[in-house]
Amino acid sequence: MTTFKTTFKCKTDTSCLASQSLQKNESIVHQTHTVLKTNKDRAESVDKKGEKMAVLLTTSKTFIVRHVPALKRKRHRSGEDGLESKNKGKFAKMTQSTLMDRRNLKVHRFTNPLDMKRVFRAENLHCDYFNHFYSEEEANTLLLDCEDSLEYFTGDLAIVKLYGKNIPIPRKQVAHGDEGLTYTFSRVTVPAKPWLPFLETVRKRIEDQTSFKFNFVLINRYKDGKDCIGEHRDDEKDLDPQHPIASLSLGQTREFVFRHKDSRGKKKTREIETVKIALEHGSLLMMNHPTNQYWYHSLPRRATQSGVRINMTFRKILRQAEDKN
């Protein structure tokens, strides 16, 4: 009996152990399925988040591509990001035009070319330079108009008198202006031809943008870099000394050099640094008072430059100059 009971007990214990082991295995399998399901859900969640992130990144990229350049243009046109020479690289103050909408900013950009300028200052030198007064396309058209329509002076009007000698002008020259006006320089008096329609258009644009009135324009044509103009001052009695001279450049970029009267030649009394400006196609240079009283200017020879340059200098001739003869 004892052996039987013992054997029975052992069978019972084995069955219980097997049952417990099976339950444990089932529990482990269930836990494994639970973990796998959880991991799968997490993976799906991560995938969804990844898709959402991808969508967000794509949307953000689209927004940046579509809108950031426009915002940059808007800030640029409004002057918020503009730099001026006088501020030496610091941001200019925000102007009221910053608050204008994009449509008005576009109009503002093309109707006010004086917004972007370089300021040149030295002792008694005051010049403002606008390198995009005319767009490239407009300047190209204007240059062709000059080549097709202008008739330059010949004969005695194509020479200057220096030290008692008649010297051919190393460039072509012509003048247009209000009726009866003349301009005397280097002992030569040039009469103003009548205004041509395209010259009147140019004059009006300069007057509208600068708020100064002009009644005369002297035009010089430089066939290449060998044509030039020597150092001189536009300080003749025919000119209003308080009035600026507006110099419009077309064609080949040339270097324009200012030299102070006290630092010229062998008898110079001071060392004053020259001021050099590269006059570009379609640019406008305003030579303001009292620049011409103290500074000589020139367009030196540059043999390596082969392009044509045409320069228009708009001036105000004093009316009493008409009757001086």
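How much area does the protein expose, and what share of it do carbon and sulfur atoms supply? In this predicted model, the exposed area is about 20900 Å², of which carbon and sulfur atoms supply 54% (Shrake-Rupley method, 1.4 Å probe; for residues, only the protein chains shown count as cover). Local features need pLDDT of at least 70 and side-chain atom pairs count only at pLDDT 80 or more, whereas totals for chains, interfaces and linings use all residues. Residues are numbered from 1 along each chain as its sequence is written, and side-chain values use heavy atoms, with hydrogens and water left out.

The protein contains five helices and 15 strands (DSSP runs numbered from the N terminus: H or I of at least four residues for helices, E of at least two for strands). Of its 325 residues, 36% are buried (under 20% relative accessible area, 1.4 Å probe, protein chains only). Among contacts (heavy atoms within 4.5 Å) with a separation of 6 or more, 76% join residues 24 or more positions apart.

Helix α4 comprises 14 residues, 197-210, and its end C-alpha atoms lie 20 Å apart, in agreement with the 20 Å expected at 1.5 Å a residue (1.5 Å times one less than the number of residues). Its buried residues include Phe-198, Leu-199, Val-202 and Ile-206. Ser-211, which follows α4, has a positive phi near 70 degrees.

An open antiparallel sheet is formed by four strands in the order β9-β14-β11-β12 (pairing requires at least two DSSP bridges between strands). Because β9 (229-232) and β12 (275-279) stand at the edges with a single partner strand each, one side of each lacks a neighbour in the sheet. β9 pairs with β14 (residues 295-299) over two antiparallel bridges, and Ile-229 has Leu-299 of β14 as its bridge partner.

Definitions and conventions:
Buried < 20%, exposed > 50% of the residue type's maximum accessible area, 1.4 Å probe, protein only.
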